[in-house]
Amino acid sequence: MEILKYLAVVIGSYLLGSVSFSIIMSRLLGGDVRQKGSGNAGATNMARVYGWVPGILTWLLDVLKTVVCTWLGYRLLGDWGLAAAGAACITGHCFPIYYGFKGGKGVSVGCALALMIDLRVFAAVMSVFFVVAFLSKKVSLASVTATTSILLFAPLFGVSLPRFLLAVCGVLFIDLRHRGNIKRLLQGTEPDFKAAKREKKA
């Protein structure tokens with residue numbers, strides 16, 4: 001019976017994680033976010049192309065889907081269920097079955113995972129993100145730095161083994177999805193982030 005619960009949690013979380021709100025919203029705005037800006041189907045590129053409001057709304061919806069998945073996983077199977085749901089959700093977000101397995105870079109989902117792992121971890125990680133983003137003006141650097149910092153904060157606050165493993169999973173996904181950004185950062189060619197002043201039609 002428990003294996004069926006795990007299957008339901010993993011499959012359901014992957015399918016919900018595969019829902020790309022950036023693609024859906026950009027189509028409602030008359031375009032396709034994957035064909036503009038950085039070409040990434042995520043909240044940052046939504047803000048870059050269509051403005052702050054669509055970008056923030058995309059981020060909130062991505063966070064919400066992650067919270068739903070992990071909360072249900074926890075309710076059904078405890079910490080291991082939370083970890084399984086979170087790993088499946090970020091997999092779906094980065095490799096969505098509905099969009100040819102080409103999705104976002106996992107930052108908004110990773111943010112939600114930090115929240116569900118531990119509120120103190122979330123606060124610490126978000127602090128790192130905003131400080132680095134403010135100082136560097138580069139969201140990619142802030143995202144990678146904040147994501148990686150969870151490997152310090154999670155054990156520091158004594159999270160359980162399943163939650164720590166989920167943190168490791170999130171770091172691997174997000175850092176690997178930012179390979180191109182990391183290369184440009186090292187080369188000094190990564191552009192600063194600038195949101196669109198108003199929503200743009202395609």
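Helices here are DSSP runs of at least four residues, numbered from the N terminus. Keep that in mind, since I will use the helix names throughout. One more thing before we start: this is a predicted model.

Let's begin with empty space. Rolling a probe the size of a water molecule over the atoms shows where empty space is left. In this structure, the largest pocket holds about 1,100 Å³ of space. Which helix gives the most to its lining? That is H5, with 7 residues. H5 runs over 107–117. Other helices take part too. H3 (43–50), H4 (52–94), H6 (119–136), H7 (139–156), H8 (161–177) and H9 (179–187) each supply at least two lining residues.

In total, 49 residues line this pocket. Look for the ones nearest its centre: Thr44, Val107, Phe129, Val139 and Ser143. What sort of residues make up the lining? There are 24 nonpolar, 18 polar and 7 charged.

Now to the core. In soluble globular proteins, nonpolar side chains tend to be buried together. Here, the largest nonpolar core has 34 residues. Seven names are worth finding on your screen. Ile90, Ile117, Val121, Val125, Phe129, Ile150 and Leu166 touch the most other members. Phe129 you have met already, among the residues nearest the pocket centre. Which elements give two or more residues to this core? They are H4, H5, H6, H7 and H8. H4 gives the most, with 8 residues.

Take Ile90 as an example. Leave out residues up to four places away in sequence. Ile90 then touches Gly106, Val109, Leu113, Cys169, Gly170, Phe173 and Ile174. Apart from the largest core lies another one, of 9 residues. Ile23, Met25, Leu29 and Met46 are among its members.

Next, aromatic rings. A pair of aromatic rings is described by the distance of the centres and the angle of the planes. The count for this model is 3 aromatic pairs. I will show you two.

First up, Phe95 and Phe173. Their ring centres are 6.3 Å apart. Why is this pair called tilted? Its planes meet at 55°, and tilted covers pairs that are neither under 30 degrees nor over 60. The two residues sit 78 residues apart, so the pair links distant parts of the chain. Phe95 is in the loop between H4 and H5, while Phe173 is in helix H8. Are they buried or exposed? Phe173 is buried, with a relative accessible area of 18%; the cut-off for buried is under 20%. Phe95 counts as partly exposed, at 32%.

Now Tyr98 and Tyr99. Their ring centres are also 6.3 Å apart, but the planes stand at 85°, so this pair is edge-to-face. Tyr99 is buried, with a relative accessible area of 16%. Tyr98 is partly exposed, at 44%.

Last topic: backbone angles. Most residues other than glycine have a negative phi, and most peptide bonds are trans. Two residues here have a positive phi without being glycine. Phe101 has a phi near 60°. Lys137 has a phi near 65°. Where are they? Phe101 lies in the loop between H4 and H5. Lys137 lies in the loop between H6 and H7. Phe101 is partly exposed, at 47% relative accessibility. Lys137 is partly exposed as well, with a relative accessible area of 44%.

That's my tour. Thank you.

Technical notes: Residues numbered from 1 in each chain as written. Predicted model: local features only at pLDDT ≥ 70, side-chain atom pairs only at ≥ 80, totals over all residues. Heavy atoms only, no water. 1 Å grid on protein atoms, 1.4 Å probe; cavity = no way out; pocket = protein on both sides within 12 Å on 5 of 7 lines; lining within 4 Å. Points joined across faces, edges and corners; volume = space filled by probe spheres on them. Nonpolar A, V, L, I, M, F, W, Y, C, P; charged D, E, K, R; others polar. Core = buried A, V, L, I, M, F, W, Y, C linked by side-chain atoms within 4.5 Å. Buried < 20%, exposed > 50% of the residue type's maximum accessible area, 1.4 Å probe, protein only. Contact = heavy atoms within 4.5 Å. Phe/Tyr/Trp six-rings, centres within 6.5 Å; stacked < 30°, edge-to-face > 60°.
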